[in-house]
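The following exercises concern a single chain and are each followed by a worked solution. Please consult the sequence and the coordinates while working through them.

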Amino acid sequence: MKDKVNFDSVSEARRGFIKQSGMLIAAAAMMQPFGLLAATAQAKPEKKAEDGKEISPAEDLMREHGILSRLLLIYEEVIARLNSGREFPVEVLVDAAGLIRRFVEDYHEKLEENYLFPRFKKAGKLVDLVKVLLQQHQAGRRLTDRIRGLATASAIKNPAKKRRLARYMSLFIRMYRPHKAREDTALFPAFRSIVSPKEYASLGEAFEDQEEKLFGKGGFEHVVSEVERLEKAMGMYELSQFTASI
Ligand SMILES: [Fe+2]
Ligand SMILES: [Fe+2]
């Protein structure tokens with residue numbers, strides 16, 4: 001694409017990573033999640049993270065929400081630039097929406113849909129909340145389709161398309177902030193109470209295995225570095241720039 005200025009763009013390695021992720025996601029989608037989990041739980045009852053500490057399902061999902069939050073901040077900055085007419089590298093938007101599709105929608109939300117939601121339904125707990133969360137996942141995917149369709153240099157120059165793009169991104173942000181906040185404070189804390197400690201531990205392990213399968217070893221760190229690259233391209237990486245001067 002044209003707008004690669006200031007955006008030391010997509011490396012070959014990364015393209016390989018994305019391609020590989022896509023294939024693995026397709027392969028994973030064919031697996032039975034509970035069958036996979038049962039096999040994993042039997043084979044390795046306890047898995048440690050790289051630093052030797054266990055990662056619980058809630059911590060895993062919450063740090064993935066951290067990725068989503070950072071991507072929403074990028075969306076917010078893109079909207080501000082679209083509205084004010086300030087330029088930005090369109091590749092940032094393409095890649096941010098691509099990460100939302102691959103990491104958030106095709107991975108993180110699939111974990112929730114395959115491992116959490118059915119257990120809440122079976123336990124008869126937070127059933128109404130789970131229903132809304134699932135509807136929001138589906139609406140989010142429709143919005144991402146539209147955002148990706150409009151994430152082009154020519155669409156951004158077209159006033160009507162630019163307005164539509166900004167609106168879809170605003171709707172996405174508006175929906176996902178309360179969505180993830182509710183999951184962090186209601187769904188994930190309740191999850192411990194509906195599964196046994198052993199199952200809870202083995203789920204953390206299954207999530208990590210899934211992440212490694214889809215995104216390679218150190219998959220989470222790799223995605224964090226992708227987000228940082230996008231933040232740098234938008235001039236919003238330095239945390240200190242957000243410190244209130246008071
Ligand atoms: Fe969710
Ligand atoms: Fe989530």
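**Exercise 1. Determine which residues M169 contacts beyond its neighbours within four places in sequence.**

Step 1. Two residues are in contact if their C-beta atoms, placed from the backbone, lie within 7 Å. Step 2. With neighbours within four places in sequence set aside, M169 is in contact with Y75, V78, I79 and I147. Step 3. M169 is one of the buried residues of α7, where buried denotes 20 or more other C-beta atoms within 10 Å of the residue's own, exposed 12 or fewer, and partly exposed in between, with C-beta atoms placed from the backbone.

Two conventions apply throughout. Residues are numbered from 1 along each chain as its sequence is written, while chains are lettered from A and ligands numbered from 1 in the order in which they are written. The model is predicted: local features need pLDDT of at least 70, side-chain atom pairs count only at pLDDT 80 or more, and totals for chains, interfaces and linings use all residues.

**Exercise 2. State how many helices and strands the chain has, and where confidence is lowest and highest among its elements.**

Step 1. Helices (H or I, at least four residues) and strands (E, at least two) are DSSP runs, numbered from the N terminus. Step 2. The chain has nine helices and zero strands. Step 3. For pLDDT, the predictor's confidence in each residue from 0 to 100, the chain mean is 84, and 78% of residues reach 70 or more. Step 4. Helix α2 (residues 33-43) has the lowest mean pLDDT among the elements, 39, and α5 the highest, 98. Step 5. Over residues 1-48, pLDDT stays under 50.

**Exercise 3. Compare the span of helix α7 with its expected value, and locate its kink.**

Step 1. The expected span of a helix is 1.5 Å times one less than its number of residues. Step 2. Helix α7 (residues 159-194) has 36 residues and should therefore span 52 Å; its end C-alpha atoms are 50 Å apart, which agrees. Step 3. The bend at a residue is the angle between axes fitted to the seven residues ending there and the seven starting there. Step 4. In α7 a kink of about 40° is centred on E183, a residue that is also buried. Step 5. The buried residues of α7 pack against α3 (57-84), α4 (90-123), α5 (127-150) and α6 (153-157).

**Exercise 4. Identify the residues that touch the most other members of the largest nonpolar core, and the element with the largest share.**

Step 1. A nonpolar core is a set of buried Ala, Val, Leu, Ile, Met, Phe, Trp, Tyr and Cys residues joined through C-beta atoms within 7 Å. Step 2. The largest such core has 49 residues, of which L71, Y75, L93, A96, I147 and M169 touch the most other members. Step 3. Two or more residues each come from α3, α4, α5, α7, α8 (197-215) and α9 (219-233). Step 4. The largest share, 16 residues, belongs to α4.

**Exercise 5. Is L126 buried or exposed, and what is the sign of its phi?**

Step 1. L126 lies in the loop between α4 and α5. Step 2. L126 counts as buried because it has 20 C-beta neighbours inside 10 Å. Step 3. Its phi is near 50°, a positive value in a residue other than glycine. Step 4. Just after α4, G124 likewise takes a positive phi, of about 65°.
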